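The following exercises concern one protein model. Each task is followed by a solution that proceeds step by step.

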Amino acid sequence: MSIAMVGTRGVPARYGGFETAVEEIGRRLADAGHRVVVYCRTVPGSPEQPPATHLGMELVHLPAARRRSLETLSHTALSVRHLLAHRTDAAILFNAANAPLLPALRAAGIPVATHVDGLEWKRAKWGGAGRRYYRAAEALAVRWSDVLIADAQGIADYYRDAFAAPTTLLTYGAPRIEPGSHRLAELGLEPRGYHLVVARFEPENHVDLVVEGYAASAATRPLVVVGSAPYADEYTARVHALADDRVRFLGGVWDQELLDQLYANCATYLHGHSVGGTNPSLLRAIGAGAAVTAFDVDFNREVVADAGRYFRTPADVAREVEAVEAEPDRVARSGQRAQELAGGYDWDRVAAGYAELARTLAERRFPARRPSGRRGPTAADLLVARPQPVPAPPGAVLLPAPAAAPAVEDVPVARP
């Protein structure tokens, strides 16, 4: 078969979960003899000629508008135009935000599955218009996709509850990693001698909450923070303002060997993501045998299960990092259990699932009638991420805030 993968930054994977999925799935589909076409965004000002192929995949490089609100959709629009002139047997469209372009593919008779990702409208970086757009795009994806792909059971449940829409559950893989520790000396670190965060600096990833909680703790091991964000200067300033001299900011780490060694040798990996589905960084951490302390939401519990510790507040973070340092034997057992759980997330099985899905699309073995896209209320509607405050300028006089009732997301979750 010929299979197009549309809607991401492309490969080689250097950014996020979608790109990781495209690389790991696409290379396996190509190895199995399928023709895989990946649409990639060009990098302005790059002196290097973009490659025509990567790990057996054919690459098509096209530009994108350099504005956060337009970048994804503008690139996907050019990709779809190219795909209409260079047809494939099936297309996988990543990101429900690209749903307005689905009618063009359907009109051309190219069967398409949409990977809907997480609950993008809950991200605090989007204002009211952005959130309304993403909620509308979800409904359009339900109505106009031939098949929907969910990467976590929680996402599948959401589309079932909100839209009465079926999904195909295809998670990500968690590679088993044993990278050694010889690169840690480059950063002045020792095995089990630090706590780790790897995340883009966005409010719903709770880097600020982790840093605040760690700074309030009596932890003696440093907190190493890997990550940044191109559109989050105010949030980045907030994170840095909350830190003390025990926190080390490394920025983006693109050296995979070094990053894997950071995962594999940390005392605990602190994972604050809260609105996505199955997160590749979390999967890589458990594949490396890291003991995980995760933000307490269903997506994370689905992956980490009984191997993890969980937090919701800075006080929780402070308590858990102190416990990690006091209980090395329990931490070692948690890491072993995490690596056992990683065995359930296998890229070969995931790629086989995508191959079967592509065959289903190419042979048009899917219902001709789609759900209406009419949304019903769900619990997710009560848990919208809120914009985060930014540090006050030097010399500002801070007045006490008026008392307010707690938001729903601050209320402890009752669990059986």
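**Exercise 1.** Determine which side chains E71 joins through polar contacts, and whether E71 is buried or exposed.

*Solution.* Step 1: In this predicted model, the side chains of E71 and R41 are joined by a polar contact of 3.1 Å. Step 2: A polar contact of 3.1 Å also links the side chain of E71 to that of R66. Step 3: Buried means under 20% relative accessible area. E71 has a relative accessibility of 7%, and therefore counts as buried. Step 4: E71 belongs to helix α2, residues 71–85.

**Exercise 2.** Describe the open sheet: its strand order, its edges and the helices that lie on it.

*Solution.* Step 1: The sheet has eight strands in the order β3-β4-β2-β1-β5-β6-β7-β8, and the pairing is mixed. Step 2: The edges are β3 (53–54) and β8 (168–169); each has a single partner strand, so one side of each has no neighbour in the sheet. Step 3: At one edge, β7 (residues 147–150) pairs with β8 in the parallel sense over two bridges, and I149 stands opposite T168 in β8. Step 4: Helix α13 packs on the sheet, where it touches β1, β5, β6 (112–115), β7 and β8; its direction makes about 120 degrees with that of β5. Step 5: Helix α2 lies across β1 (2–6), β2 (35–41), β4 (57–62) and β5 (90–94), and runs at about 140 degrees to β2.

**Exercise 3.** Check the length of helix α1 against its expected span, and explain how far the helix is enclosed.

*Solution.* Step 1: Helix α1 covers residues 17–31, which is 15 residues. Step 2: The expected span is 1.5 Å times one less than the number of residues. For α1 this gives 21 Å, and the end C-alpha atoms are 21 Å apart, so the two values agree. Step 3: The buried residues of α1 include F18, V22, I25 and L29. Step 4: Because eleven of the 15 residues are buried, α1 is largely enclosed by the rest of the structure. Step 5: Just after α1, G33 takes a positive phi of about 100 degrees.

**Exercise 4.** State how many residues form the largest nonpolar core, and which helix gives the largest share.

*Solution.* Step 1: The largest nonpolar core has 64 residues; V38, I92, L196, L262 and Y269 have the most contacts inside it. Step 2: Its largest share, seven residues, comes from helix α13 (residues 347–362). Step 3: Beyond its neighbours within four places in sequence, I92 is in contact with residues including I3, V6, I149, Y354 and L357. Step 4: A second, separate core has 38 residues, among them V60, A99, V116 and A380.

Methods
Residues are numbered from 1 along each chain as its sequence is written. This is a predicted model: local features need pLDDT of at least 70, side-chain atom pairs count only at pLDDT 80 or more; totals for chains, interfaces and linings use all residues. Side-chain values use heavy atoms; hydrogens and water are left out. A nonpolar core is a set of buried Ala, Val, Leu, Ile, Met, Phe, Trp, Tyr and Cys residues joined through side-chain atoms within 4.5 Å. Buried means under 20% relative accessible area, exposed over 50%, partly exposed in between (1.4 Å probe, protein chains only). Helices (H or I, at least four residues) and strands (E, at least two) are DSSP runs, numbered from the N terminus. Contact means heavy atoms within 4.5 Å. A polar contact is a pair of N or O atoms within 3.5 Å; within protein, one must be able to donate a hydrogen and the other to accept it, and residues adjacent in sequence count only if both atoms are side-chain atoms. Two strands pair if DSSP finds at least two bridges between them. Axes are lines fitted to C-alpha atoms, for helices over the stretch in contact, and angles run from 0 to 180 degrees between N-to-C directions.
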